Amino acid sequence: MYLTGISIAAMTFLTIGIWHPIVIKTEYHWGTRPWILYLIVGIACILAALFTANVYLSSFLGVFGASALWGIKELFEQVKRVEKGWFPGNPKRQKQPKAKES
């Protein structure tokens, strides 16, 4: 039996699941300002995945990098969720960012 596909699928599921609370906490504490960090991490992980021979590590780096890039979109979507009252805003942050209307 080959478990490579199943183990990579489980790792993908867990990695994407971990990014959800990361995005929520990031927006709560720092707003959307760290989006550039998400971009740098995402590109770096994807580039590293291209040069990694180990299939598990390369898969993890690719999924983590793609999740970081997707997190940029979700970070700005989180602002809209806070405005709708679905998530609490940070009362200590003086200026709450407004979501752009699309």
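Glu77 is partly exposed in this predicted model, with a relative accessible area of 26%, and the residue it pairs with, Lys80, is likewise described as partly exposed, at 22%. The side chains of Lys80 and Glu77 meet in a salt bridge, with a nitrogen-to-oxygen distance of 3.7 Å. Because the two residues lie three positions apart in helix 3, which covers residues 55-83, about one helical turn separates Lys80 from Glu77. Side chains of opposite charge can pair when their charged atoms come close.

How many salt bridges does the structure hold? The structure holds three, and they are set out below with the distance between N and O atoms.

| Salt bridge | N to O distance |
|---|---|
| Lys80 and Glu77 | 3.7 Å |
| Lys73 and Glu74 | 3.5 Å |
| Arg81 and Glu74 | 2.4 Å |

Glu74 takes part in a salt bridge with Lys73 and also in one with Arg81, and in this way Lys73, Glu74 and Arg81 are linked in a network of salt bridges.

Which members of this network are buried, and which are partly exposed? Both Arg81 and Glu74 are buried, whereas Lys73 is partly exposed, with a relative accessible area of 39%. For Glu74 the relative accessible area is 19%, and this residue counts as buried because the cut-off for that word is under 20%. The salt bridge between Arg81 and Glu74 therefore joins two buried residues, while the salt bridge between Lys73 and Glu74 brings together a partly exposed residue, Lys73, and a buried one, Glu74.

Conventions:
Residues are numbered from 1 along each chain as its sequence is written. This is a predicted model: local features need pLDDT of at least 70, side-chain atom pairs count only at pLDDT 80 or more; totals for chains, interfaces and linings use all residues. Side-chain values use heavy atoms; hydrogens and water are left out. A salt bridge is a side-chain nitrogen of Lys or Arg within 4 Å of a carboxyl oxygen of Asp or Glu. Buried means under 20% relative accessible area, exposed over 50%, partly exposed in between (1.4 Å probe, protein chains only). Helices (H or I, at least four residues) and strands (E, at least two) are DSSP runs, numbered from the N terminus.
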